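Me: I have a structure here that is new to me, and I would like to understand the words used for it. Could you take me through them?

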Amino acid sequence: MEPLKIGIVGAAGRMGCMVARVAEETAGCALAGGTEYQGSEAIGRDLGALAGIGAKDLPVGDDPAGLFAAADAVIDFTTPAALLVHAGLAKETGTIYVVGTTGLGAEHEAVLDAAAAETAVMQAANMSLGVNLLLALVEQVSAALGPEADIEILEMHHRHKVDAPSGTALALGRAAASGRGVELDAVAQKVRDGATGPRRAGDIGFATLRGGDVPGEHSVIFAAEGERLELTHKAGNREIFARGAVRAALWCRDKPAGRYTMADVLGLDGG
Ligand code: NAD
C-alpha cells in the first residue's frame, strides 16, 4: 500500500514538530509538507530541519489549501481560529482531518460537523491512551459513587498554554457529568474567588495550575465523607499525543466520512 501522506498545519509549533518526527519514523506514513500562519518566521524553513530530523526538502508554506490538496491526511495542532479555515478545506478536499487543537466552542464544533459530512474527522482534546482510558474510568466511578461524592478536577500544564481549564479537564468533567446523567454546563464551577459560600451540591469543580514545562497532568478527585478516591494521569512527554494523532490518521484511512473520537481509534468503544 502507498504510504499515507501526512500534512501538518502549525508545523513549527511544539506539537507540529513532534508530529513531523513521529510521522517520519512511523511505518506506512510519509510527510506531505507543513504550513504556518502568513508572516511566520518559519515560512520557507525546512520542515524536517525544524523538527530536528534532518532536511526533507519540504519548505514550510503558508498555503493550507495547497497542503490539503496534496495530503491524504492533515494533522492540526494550531489555534481555534486557524481550525475554522482548516476544517473548511478538509470539507472542500475530502482530506482526512485529525484535530488536537483545544479551546473549541460551538462554532468550531459546527465546522467540524460540516467537514465530517465529507470526510473522516477525528477530534480529541487528548490523544494519549492513558487519558482515554481515564475518561472511561471517570464516567464509571462517577456513576458508581453517585452525588454524595464531590468531584473536583485538577490540571497542570506548561506556562505557554493559552486556554483554561484544559480541553482534557473539560472532557473529564463531561465524562464525570455523564456518569451522573447531567450536563457539565449545568454543574461546572470553573473559577472560585473570594466569598464563594459553601460548595453547591452536585457541582463539578475545576482548578488550573500553570508553570514550567509540564506536558499535562490531570487528577479527578471524588471526595466523600470519610474517604477520597483520586484518579491521576501524568503525561511524561508530548510524544504520546503525536503518536496518538498519527495512529488516528492511519486508522481513518479506510473509514467513511463522519466524526470520530480517540476512543473509536483505540477501540475503547468497541469500534
Ligand atoms: P504551539 O503554540 O507551540 O503551536 C501552535 C502552532 O500553530 C504555532 O507554531 C503557530 O504559529 C501555529 N499557527 C497558528 N495559526 C496558524 C495558522 N493559521 N496556520 C498554520 N499554523 C498556525 O502550541 P502547541 O503546544 O503545539 O499546542 C497547539 C494546540 O494543541 C493547543 O490548542 C493545545 O492545547 C493542543 N494540544 C492538544 C493535545 C492533544 O492531545 N489533543 C496535546 C498537546 C497540545
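Reply: Happy to help; below we take a few labels one by one, and please keep in mind that this is a predicted model.

Me: What makes strand 6 and strand 9 a pair?

Reply: Two strands count as paired when there are at least two bridges between them. Strand 6 (residues 150–157) and strand 9 (residues 217–224) have 7 bridges, in the antiparallel sense, so they meet that rule. Within this pairing, Leu154 stands opposite Ser219 of strand 9.

Me: Why are strand 7 and strand 10 said to stand at the edges?

Reply: Look at the order in the open sheet of 5 strands, which is 7-8-6-9-10 with mixed pairing. Strand 7 (188–189) and strand 10 (227–234) each have a single partner strand, so one side of each has no neighbour in the sheet. Helix 6 (residues 129–145) lies across strand 6, strand 9 and strand 10, and runs at about 165° to strand 10.

Me: How do you know that helix 7 is largely enclosed?

Reply: A residue is buried when its relative accessible area is under 20%. Of the 13 residues in helix 7, 11 are buried, so the rest of the structure largely encloses this helix. Among the buried ones are Gly167, Leu170, Leu172 and Gly179. Their cover includes helix 6, strand 6, helix 8 (184–187), strand 8 (204–210) and strand 9.

Me: How does the span of helix 7 compare with the expected one?

Reply: Helix 7 (residues 167–179) reaches 18 Å from its first C-alpha to its last, which is close to the 18 Å expected at 1.5 Å a residue. Just after this helix, Gly181 takes a positive phi of about 70°.

Me: Which residues touch the most other members of the largest nonpolar core?

Reply: This core has 41 residues, and those with the most contacts to other members are Ile6, Ile75, Val98, Met122, Met127, Val246 and Met262. Helix 9 (residues 239–252) gives the most to this core, with 8 residues. Another core lies apart from it, with 21 residues that include Ala176, Ile204, Val220 and Phe222. Beyond its neighbours within four places in sequence, Met122 is in contact with residues including Tyr97, Val98, Met127, Ala248 and Met262.

Me: Why is the pair of Trp251 and Tyr260 called edge-to-face?

Reply: Rings pair if their centres lie within 6.5 Å, and planes over 60 degrees apart count as edge-to-face. The ring centres of Trp251 and Tyr260 are 5.1 Å apart and the planes stand at 80°, so the name fits. Both Trp251 and Tyr260 are buried.

Note on methods. Residues numbered from 1 in each chain as written. Predicted model: local features only at pLDDT ≥ 70, side-chain atom pairs only at ≥ 80, totals over all residues. Heavy atoms only, no water. Helix = DSSP H or I, 4+ residues; strand = E, 2+ residues; numbered from the N terminus. Contact = heavy atoms within 4.5 Å. Axes fitted to C-alpha atoms, helices over the stretch in contact; angles between N-to-C directions. Core = buried A, V, L, I, M, F, W, Y, C linked by side-chain atoms within 4.5 Å. Buried < 20%, exposed > 50% of the residue type's maximum accessible area, 1.4 Å probe, protein only. Expected span 1.5 Å × (residues − 1). Phe/Tyr/Trp six-rings, centres within 6.5 Å; stacked < 30°, edge-to-face > 60°.
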